[in-house]
Amino acid sequence: MIELFSANTTNGKKISIMLEEIDFEYKVTKIDINKGEQFKAEFKKISPFSKIPVIIDHKKNDKLQINQWLMAQMGYIGPMLGQHHQFHHYNPGKSEFGEKRYFDISKRIYEELDERLSASKFLSGDNYTIADIGTFPWIARHEWHDIGLSKFKNLTRWYNEISARQAVIKGFSFMDKNEFPPKP
Ligand SMILES: N[C@@H](CCC(=O)N[C@@H](CS)C(=O)NCC(=O)O)C(=O)O
């Protein structure tokens, strides 16, 4: 049976609706995000950035780990760091609120990636996957972020290892042969 960990929010409802549509049986565990239950260690094991909703499908674990981290890049790392680029790098001084909000979220992303990479060699497990490839170019903008990549030891270890791959060096410089991932 599918396990659903969720809360009564906009994002929280989309998975229960989907599971009802496809007529799957599921067991619900409520995560009270107002009480900070999403930050508990047990929950963080199944949710990359302490977000609800989460499902566990006990039948398809490996593929789900990769998809989970790829979705986290598409739905969170990219959009949030992208906003940080807009407020902090391209338009400083235009909105104190926007600058602070996305700076804080970006810092949280660094912290959470660092924590994940303290327990796992790559984002989705022991192997380098599309989830790492999707996330790497965002962290390669670390100079724009002003968060201090080198303070995050596990994220730096991951970043340096990926930066040294021949395919990454070639793919990174595909439009400008002098462009290399900046050192932490
Ligand atoms: N990309 C996710 C985002 C989920 C999300 O932002 N969930 C919020 C509640 S609606 C959450 O868990 N917030 C808790 C937190 O950020 O600490 C989705 O689209 O479902």
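Start at the ligand: the space it takes up is the largest pocket. Keep in mind that you're looking at a predicted model.

Next, select the residues around the ligand: Thr9, Asn11, Lys14, Ile33, Gln38, Phe39, Ser50, Lys51, Ile52, Pro53 and Arg108. Colour that shell by class and you'll get four nonpolar, four polar and three charged residues.

Now for the polar contacts. Pick Lys14 and zoom in on its side chain: one of its polar atoms sits 2.6 Å from a ligand oxygen. Then hop over to Gln38, where a polar side-chain atom is 2.8 Å from an oxygen of the ligand. For Ile52, show the backbone instead, since the polar atom to look for belongs to the main chain; a ligand oxygen lies 2.9 Å from it. Switch on a surface before moving on: of the 520 Å² of accessible area that the ligand has on its own, the protein covers 71%.

Time to leave the pocket and select the aromatic rings. How many aromatic pairs does the count come to? Ten. Pull up Phe49 and Trp69 as an example. Their ring centres are 5.9 Å apart and the planes meet at 65°, so this pair is edge-to-face; the angle cut-off for that label is over 60 degrees.

Finally, show the cartoon and see where those two rings come from. Phe49 belongs to the loop between helix 2 (41-44) and strand 3 (54-56), while Trp69 is part of helix 3 (residues 61-90). The two are 20 residues apart, and the pair links distant parts of the chain.

Notes
Residues numbered from 1 in each chain as written. Predicted model: local features only at pLDDT ≥ 70, side-chain atom pairs only at ≥ 80, totals over all residues. Heavy atoms only, no water. Near = heavy atom within 4 Å. Polar contact = N/O pair within 3.5 Å; in protein donor to acceptor, adjacent residues only side chain to side chain. Areas by Shrake-Rupley, 256 points an atom, 1.4 Å probe, with all protein chains shown as cover. 1 Å grid on protein atoms, 1.4 Å probe; cavity = no way out; pocket = protein on both sides within 12 Å on 5 of 7 lines; lining within 4 Å. Sits in = over half its atoms within 2 Å of the grid points. Nonpolar A, V, L, I, M, F, W, Y, C, P; charged D, E, K, R; others polar. Phe/Tyr/Trp six-rings, centres within 6.5 Å; stacked < 30°, edge-to-face > 60°. Helix = DSSP H or I, 4+ residues; strand = E, 2+ residues; numbered from the N terminus.
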